[in-house]
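Please report on the model shown here. Cover the fold, the helices, the aromatic contacts and one pocket.

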Amino acid sequence: HHYTLRWDELIHHYNQLSLLCNTVNSTISDMVLLSFIGNIYFMSESILQSFTPKTSYETFYFWYDILFHIIHLALVCTYAAWIDEESKSPLSDLLAVPLYNSQFEVDRFILQVAENSPAIYVGGMFKITGSTVLHVSNIQCL
């Protein structure tokens, strides 16, 4: 038995998932901001303290600490960017719909997916995307 999904059902499901993502995002947005600030603070603190002479134990702790925070920040960015990428994945399928089947609802849905895709926001200030991951990794390399 082949089940066909109507456009209005597809749009309804996507809107429900978007609503769920926005609800989750509004809940965790401040925690993601706190995670960003905490990681950047502790990395900066570790780098500042690296200028003082250290024993071998303190040197080991320094490298462990800085690597832990870099990896943690990179993982947070990577997983959040993955959510952004996955939310845009239906767009390629929608754009592949033949023009003779195109309807107003489909065109509106394509615009909605392209412009208002769910993503993780950092404290409501900016969206974490793949380019955010690249920017963070560039800052860490400096």
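## Aromatic contacts

At 43% relative accessibility, F68 counts as partly exposed. This is a predicted model. F68 takes part in one of the structure's three aromatic pairs.

Two of these pairs are described here. Y41 and F42 pair edge-to-face, with 5.2 Å centre to centre and 75° between the planes. Neither side chain needs guesswork on exposure. Y41 has 46% relative accessibility, so it counts as partly exposed. F42 is partly exposed too, with a relative accessible area of 40%.

The rings of Y64 and F68 are arranged in another way. Their centres lie 6.5 Å apart and their planes are at 20°, so this pair is stacked. Why are Y64 and F68 separated by about one helical turn? The two are four residues apart in helix 2 (residues 56-87), which accounts for that spacing. An α-helix has 3.6 residues a turn, so residues three or four places apart point the same way.

## Fold and confidence

The protein chain contains five helices and two strands. Along the sequence they follow the pattern α-α-α-α-β-β-α. The chain has 142 residues, and 25% of them count as buried.

Mean pLDDT for the protein chain is 77. Of its residues, 85% reach 70 or more. Among the elements, helix 2 has the highest mean pLDDT (83). Helix 5 (residues 130-141) has the lowest, at 62. Where pLDDT is low, the predicted coordinates should not be read in detail.

## Helix 1 and helix 2

The table sets out the spans of both helices.

| Helix | Residues in helix | Expected span | Distance between end C-alpha atoms |
|---|---|---|---|
| Helix 1 (residues 7-49) | 43 residues | 63 Å | 58 Å |
| Helix 2 (residues 56-87) | 32 residues | 46 Å | 47 Å |

For helix 1, the end-to-end distance agrees with the expected span at 1.5 Å a residue. Helix 2 also agrees with its expected span. Where does helix 1 bend? The bend is at I28 and amounts to about 45°.

Both helices carry buried residues. In helix 1 these are I11, Y14, S18, N25, S29, V32, S35, F36, N39, M43 and S46. In helix 2 they are F62, D65, I66, H69, L73, C77, A80, A81, D84 and S87. The helix 2 list includes D65, H69 and D84. The helix 1 list includes N25 and N39.

## The second largest pocket

How much space lies in the second largest pocket? The volume is about 240 Å³. The pocket is lined by 13 residues, and Y14, L17, E86, S87 and P90 are the closest to its centre. Two of these names appear above: Y14 is buried in helix 1, and S87 is buried in helix 2.

Which helices each supply at least two residues of the lining? They are helix 1, helix 2 and helix 3 (89-95). Helix 1 gives the most, with six residues.

## Strand 2 and helix 1

F126 sits in strand 2 (residues 126-127). F126 has a relative accessible area of 36%, so it is partly exposed. F126 and S29 are 97 residues apart along the chain. Their C-alpha atoms are separated by 10.0 Å. S29 is one of the buried residues of helix 1.

Technical notes:
Residues numbered from 1 in each chain as written. Predicted model: local features only at pLDDT ≥ 70, side-chain atom pairs only at ≥ 80, totals over all residues. Heavy atoms only, no water. Phe/Tyr/Trp six-rings, centres within 6.5 Å; stacked < 30°, edge-to-face > 60°. Buried < 20%, exposed > 50% of the residue type's maximum accessible area, 1.4 Å probe, protein only. Expected span 1.5 Å × (residues − 1). Bend = angle between axes of the 7 residues up to and from the residue. pLDDT = per-residue confidence, 0-100. 1 Å grid on protein atoms, 1.4 Å probe; cavity = no way out; pocket = protein on both sides within 12 Å on 5 of 7 lines; lining within 4 Å. Points joined across faces, edges and corners; volume = space filled by probe spheres on them.
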